[in-house]
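Trainee: I should like to examine how the descriptive terms for this model are justified. May we take them one at a time?

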Amino acid sequence: MTLTLERPHADQADAVIPAPQRRVQPEKIAAGLTLVALVAASVLSLISVDISLPQMVASWSNATRFFDRVGVISFPAPGELLYLTALTVGLVLLGTLFAAFFSVPLAWLAAANTSPGRGWMAVARFLGVLTRAVPDVVLAMVFVLMFSLGTLPGILAIGIHSIGMISKMFADAIEQIDEGPRLAIRAAGGTRVQEFFSGVLPQVLPSWVATVLHRNDINLRGSVILGYVGVAGLGLEMSYAFKSLNYSLGLGIALVIFALCVVMEIVSSAVRTVMLGLAPTRQGIGDRLLRRLGMTGQTADASRRPWTYARLRNAVWGVLAALIVIGSVWICDIKWGDFLTVWSYLPETAAKFWPPSFGNYDAPVMLAAMGETIAIALAATILTIVASIVIGSLAARNVAPSPRVRAGFRLVLVTIRGIPEIILAIVLIVVTGLGTQAGTIALSIGGIGLLGKLLADSLEEVKRGPEQALRAAGATRLQVYAGATAPQGMKALIGHSFYMLDTNIRAATILGLVGGGGVGYYLLNAGQGSRYDLVTTIVLMILVTVVAVEGLAMWMRRVFR
Amino acid sequence: MPGLTSNSSVTTGSGSAAEPVIDVRGITKTFGETTALSDLSLTVARGEIVVLLGLSGSGKSTLLRHLDGLDRPDSGTVTVLGAPLSGLKGRPLRALRGQVGFVFQQFELVGSLTVLENVLTGALFRVRGPRLGLWGYRRELKLAALGHLDRVGLLAQAYQRADTLSGGQQQRVGIARALMQNPRILLADEPVASLDPESSAQVMALIREIAIDSGLTVVCSLHQVDLALSWGDRIVGLRHGQVVLDTATQGLSKQNVMEIYGRVTTSTGELDAIETELGTELGTGEAGEPDEQSELDLATSSSAWDNRR
């Protein structure tokens, strides 16, 4: 780089001008070193969680023995299964919608271009980080104490926890809009609220719907674990089955959940494609009819919007969606009275959780457990990154050698995404025994589904020009990838990897609940043993870690922009 | 059709013709280092069709934004329809904006909404609260919007998504949206800069026609001298945020404009200094009158070339 810069200078003036020094900001050096340190820590963690292939192979006999004992996988009675499935889906859906509803004002406050002030922006963003940082399991634990048993604790836990991610993505969408239409409405004398509804909302709606659907998939997978703290649905039945050592039923339910997740993923991705690629047609029957009306000048008739195919389809989808929501409310049988009585439990519950303490353990034990959780997250993240670079690249249209290869790897990613990590962990624990190893592998496999997809999408979005230039210069496929595609996707990879680490730290906690090692084990114990002050301590530790990672990620994004 | 169009006719306020509808006195506006408007004054009488002429960066857009209260001057006063804009905010400001239609260079329609919905957003200042979709608007408003669409020749496209229209059609929707306000003043910021010559001619003719039909006061910024001469009643030339030319178009030739433009700019020593500074900054070396002329010529000749095509 410096060479090419030097040449024209040298031509102009005959004297040798020193090549311009590449100035590196100190902040960039610091960020780079931090990145290196993180990778080193991840590798060390990987060594410390002690994943050994021989041991895995040895435990294979364990697995076969286990499956022999399970025998035939059994399912709950069809009627009950149907009810449980509907209940789980309904509960998750209502939770996600709850979050979407409250995310709208929060996103409006948090987006730089709509926020009424810097202070509001900071408050809204902090609330987002806070709700994102508290695991839904902990929220469910609290709400199970305050509400009568039923679906409400689950809905609220999913809802509140999801606000963080949904409001952030909503705000991002608002920040990416075209400001022109908003300005036009302001110029026509519209209020701020009118500006939002007529200028902003129509622009962000498709991306918002996509976000909500995406989060709904995540929540469906996450709902399994909520069963472990007493939230109704398939997860609860599964946890009962495993606790009573009825492995055949437990695995049966796990299989049902897996199928449900895959189906949901396919449905929502279909809806997303339709929403985002909504091709406007000008040749619909209604359009042609209207054009004829316009020609005859019958304006009065034109005041009725014609039933074009697109409108009909949207209306049918809308009615269907409304019916599903109504059905969800009906099947969840929400005890609305709880919203009145809950306030009286509030001080009592708060007293249970405050002040935080280390309970029967001392600080070093808890800190070590937290360290173990972070180590699992780091190790899993590095494994995920390595695997995702391979799988994600091959799933990208501009990297894969043939469309069939791309389709194959995309299918692999969808399948992996469909598996709830918790089920993966349970199966692995059965195979390899309790401990960090099972947790790490479960997390890293689960992560590939997400990171691989994000990476593939980012690679497909890179500029085509440099790739073509290299191909024109006679570069091989691999050279094009290394020289043009990968460097352009690097920034996205760093960003996505931090997102992965962020997700993994929370997920690592949760995996601990089923015996995947780390602080999650203590969290479940504390919850079941009514040591809520210890729960608070653990939550605070998680909170600090997550906020630290979030801050680090923000810094990295800013420096490497 | 004609019956509906009459709906769009504007309630021309009382007030004598001598009283200016726009009265700008000595406004200065800076954005950081750059001065967009410097001590600019301008009055526009009712029913006048004024062209703001100037190169990009001469302050045309900024001036127009000031006339609608979208920007506030650092000093000086802007009075529109008898109301001083300086202290105006909230409901009174919105009410005033409602009386001033604005047509944008980039149309600024919401692409995912239907054409009719886009036009109806021009009526937002008359309704309370937000609107989502078509059912939020009263039938009279819908009929009025359809009437305006008829006026601009797009009735048949009323229920299409706005982003399915061509540029010229989108700008006509933008005009219909402005008409939906029943405005007394129409501001247009380079309304045809993003359009092909044929659509440009259509759109400019439409604006003038509507303005004369409804007795609207129009302030329209342009950068093509030819178009400005043939279209406007009065030309106001801007340069570095100052008025350097203000004359009726009648009997004015392109040569006149270029000459006047050149003379005025060089007669002020202060302007020269600014120009030299800007010129060197842009790397054009010693800038001055000839440089400016060639730049303007470039703009006009390119539009002439477009017209030939």
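Mentor: Let us begin with a definition: angles under 35 degrees count as roughly parallel, over 145 as roughly antiparallel, 65 to 115 as roughly perpendicular, and the rest as oblique. Please bear in mind that this is a predicted model.

Trainee: Why are H5(A) and H7(A) called oblique to each other?

Mentor: Helix H5 (residues 118-133) and helix H7 (residues 152-175) of chain A pack at an angle of about 135 degrees, and their axes are 7 Å apart. An angle of that value is neither over 145 nor within 65 to 115, and the pair is therefore oblique. The crossing of H5(A) and H7(A) is left-handed.

Trainee: Which residues of H5(A) and H7(A) meet?

Mentor: Gly128(A), Val129(A), Thr131(A) and Arg132(A) of H5(A) meet residues of H7(A) including Ile160(A), His161(A), Ile163(A) and Gly164(A). The contact comprises four nonpolar, five polar and two charged residues.

Trainee: What makes H5(B) and H6(B) oblique?

Mentor: In chain B, helix H5 (residues 139-151) and helix H6 (residues 167-180) pack at about 135 degrees, with axes 9 Å apart. The definition again leaves this angle outside the antiparallel and perpendicular ranges, so H5(B) and H6(B) are oblique to each other. Their crossing is right-handed. On H5(B) the contact is made by Ala144(B), Ala145(B), His148(B), Leu149(B) and Arg151(B), and on H6(B) by Ala176(B), Leu179(B) and Met180(B). These residues divide into six nonpolar, one polar and one charged.

Trainee: How do you know that H21(A) falls short of the span of a straight helix?

Mentor: Helix H21 (residues 477-512) of chain A has 36 residues, and at 1.5 Å a residue a straight helix would reach 52 Å, whereas the end C-alpha atoms are only 43 Å apart. H21(A) also bends by about 45 degrees at Ala486(A), with a proline, Pro487(A), following within four residues.

Trainee: What makes up the side of chain A that touches chain B?

Mentor: In this interface, 32 residues of chain A are in contact with 40 residues of chain B. Helices H8 (180-187), H9 (192-226), H12 (285-296) and H13 (299-302) of chain A each supply at least two residues of that side. H9(A) gives the largest share, eight residues. By class, the chain A side has 15 nonpolar, 12 polar and five charged residues.

How values were computed:
Residues numbered from 1 in each chain as written. Chains lettered and ligands numbered in written order. Predicted model: local features only at pLDDT ≥ 70, side-chain atom pairs only at ≥ 80, totals over all residues. Contact = placed C-beta atoms within 7 Å. Nonpolar A, V, L, I, M, F, W, Y, C, P; charged D, E, K, R; others polar. Axes fitted to C-alpha atoms, helices over the stretch in contact; angles between N-to-C directions. Left-handed = near helix turned anticlockwise from the far one by under 90°. Expected span 1.5 Å × (residues − 1). Bend = angle between axes of the 7 residues up to and from the residue.
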